[in-house]
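Student: I would like to go through this structure and ask how its labels are earned.
Tutor: Go ahead, and look at the structure while you ask.

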Amino acid sequence: MPLLLLLLALLLPAAPEATPSALLGINYGRVGNNLPPTTSALQLLAGLGVGRVRLYDADPATLRSFANTGVELVVGVPDECLAAVSTPSGASSWVRSVIQPALPATKIAVLTVGNEVLTGANSSALTPSLLPAMQCIHDALVQLGLDKQVAVTTAHNLGVLATSYPPSSAYFRKDVLPVLCPILDFHARTGSPFLVNAYPYFAYAEDPAGVELEYALLEPGHGGVPDPSSGLRYPNMLVAQVDAVYHAIAAANRAAARAVEVRVSETGWPSAGDGNETGATPRNAARYNGNVMRLVGEGKGTPLRPDGALRVYMFALFNENMKPGPLSERNYGLFKPDGTPVYELSYRLPKDNATTSSGAGGTGSIAGSGGGPQNNGYYSISAPSAKANVVRAPLFALLAVV
């Protein structure tokens with residue numbers, strides 16, 4: 001059996017290796033009962049030329065699959081594990097048993113503690129554990145000398161914003177400020193990024209008459225939308241959403257605003273949806289995701305932060321057939337579970353987005369045949385639960401801390 005595994009590894013194409021200029025990543029969700037093994041995912045990543053991947057859990061077998069590939073991982077601590085790792089002993093046990101054994105063969109750069117905790121269905125139960133879990137996991141990494149190698153953060157839904165249009169007027173909801181302000185202090189102190197899941201699709205789907213499709217799709221030919229207060233012009237909605245978060249951070253914690261980087265931990269466009277899900281088509285998904293690749297490939301920042309290149313993780317690698325919610329939730333993937341592309345995506349990533357040890361760079365080309373009152377504003381998004389993406393697998397982490 002070991003010989004067979006070795007032969008399989010030799011036959012696989014070299015996976016892209018993340019470099020400082022590899023700004024584009026992809027979310028590898030696994031909420032499905034028909035998904036291929038991770039080895040197949042590695043082949044697709046190699047073809048795309050993507051060297052950064054976000055996982056929603058820290059399943060040891062999956063982490064081992066990425067060993068010695070050069071792929072840089074963002075690894076999730078699932079919501080259901082937050083209470084267990086919100087104590088020093090629990091966090092230390094989890095880091096020592098789950099994360100430390102994977103290093104350095106598996107390139108883990110970031111740990112995300114929970115996903116959209118502050119706006120999710122279980123926010124009241126989970127929120128008290130969020131910052132303690134982040135602090136305890138960071139402290140555990142410090143004890144092991146791994147804190148310079150692995151950053152700790154969490155991913156937020158744009159629903160944490162009370163308003164976001166125009167971007168310069170954005171601010172956080174008052175009910176989340178007591179938690180967000182110390183989280184911003186944590187980011188500033190540790191140097192970790194502020195992650196946000198940003199979906200122009202939801203703004204368009206909620207108000208197709210008021211939101212121009214080309215603006216939401218990031219079409220380069222769109223004339224842009226001005227911010228009358230700042231004087232900045234926004235060429236597309238995604239960068240406007242990111243700058244809205246920057247402005248909200250500044251309004252909440254001006255000291256942190258000078259030090260904290262905002263990164264997009266999820267963005268995407270569904271290729272199919274229910275009858276009332278306007279704009280969820282293969283053509284629009286191909287245009288949006290191709291434009292995301294182009295935008296990130298240009299290496300530019302946002303109008304507010306032009307000197308810092310935008311970092312983005314596309315959602316998602318596969319369609320996931322067990323995700324709850326409307327039909328669109330199961331149709332965000334670039335690929336079907338059998339590995340065939342959902343639609344043609346012809347944009348090619350720059351060669352420096354990823355490198356491989358064998359020198360075979362990916363082309364980044366896919367060829368195929370085929371809110372609520374607290375989320376108001378032009379750049380609003382869907383209900384908080386829309387992008388929950390937690391693998392409901394056995395609690396791998398709790399086995400290490402209980």
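**Strands, burial and cores**

Tutor: Begin with a pair of residues: V196 has V264 of strand 11 opposite. Keep in mind that this is a predicted model.

Student: How do you know that strand 8 and strand 11 pair?
Tutor: Pairing needs at least two bridges between the strands. Strand 8 and strand 11 (residues 262-267) are joined by four bridges, so they pair, and they run parallel.

Student: What makes strand 5 a partner of strand 8?
Tutor: Strand 5 (residues 151-157) has three bridges to strand 8, and at least two are required, so these strands pair as well. They too run parallel. One residue to look at is A155, whose bridge partner in strand 8 is L195.

Student: Which residues cover the two faces of strand 8?
Tutor: On one side of strand 8 (residues 194-197) are F194 and V196, and on the other are L195 and N197; all are buried.

Student: Why is D57 called buried?
Tutor: Buried means under 20% relative accessible area. D57 has 3%, so the label applies. D57 sits in the loop between strand 2 (52-54) and helix 3 (60-65).

Student: What makes the link between D57 and R30 a polar contact?
Tutor: The cut-off for N or O atoms is within 3.5 Å. The side chains of D57 and R30 are joined at 2.6 Å, so this link meets the cut-off. The D57 side chain also reaches the backbone nitrogen of D59, at 3.3 Å.

Student: Why is C81 called buried while C181 is called partly exposed?
Tutor: C81 has a relative accessible area of 1%, which is under 20%, so C81 is buried. C181 has 21%, and partly exposed lies between 20% and 50%, so C181 takes that label.

Student: How many disulfides does the structure hold?
Tutor: Zero. A disulfide would need a pair of cysteine sulfur atoms within 2.5 Å.

Student: Which residues have the most contacts inside the largest nonpolar core?
Tutor: They are W94, I99, I137 and F172, in a core of 113 residues. Helix 9 (residues 237-252) supplies the largest share of this core, 11 residues.

Student: What is F172 in contact with, beyond its neighbours within four places in sequence?
Tutor: Its contacts include V160, L161, L177 and F194, and also V245, A248, I249 and A252.

Student: Which residues belong to the other core, apart from the largest one?
Tutor: That core has five residues, among them V74, V110, A151 and Y313.

Technical notes. Residues are numbered from 1 along each chain as its sequence is written. This is a predicted model: local features need pLDDT of at least 70, side-chain atom pairs count only at pLDDT 80 or more; totals for chains, interfaces and linings use all residues. Side-chain values use heavy atoms; hydrogens and water are left out. Buried means under 20% relative accessible area, exposed over 50%, partly exposed in between (1.4 Å probe, protein chains only). A nonpolar core is a set of buried Ala, Val, Leu, Ile, Met, Phe, Trp, Tyr and Cys residues joined through side-chain atoms within 4.5 Å. Contact means heavy atoms within 4.5 Å. A polar contact is a pair of N or O atoms within 3.5 Å; within protein, one must be able to donate a hydrogen and the other to accept it, and residues adjacent in sequence count only if both atoms are side-chain atoms.
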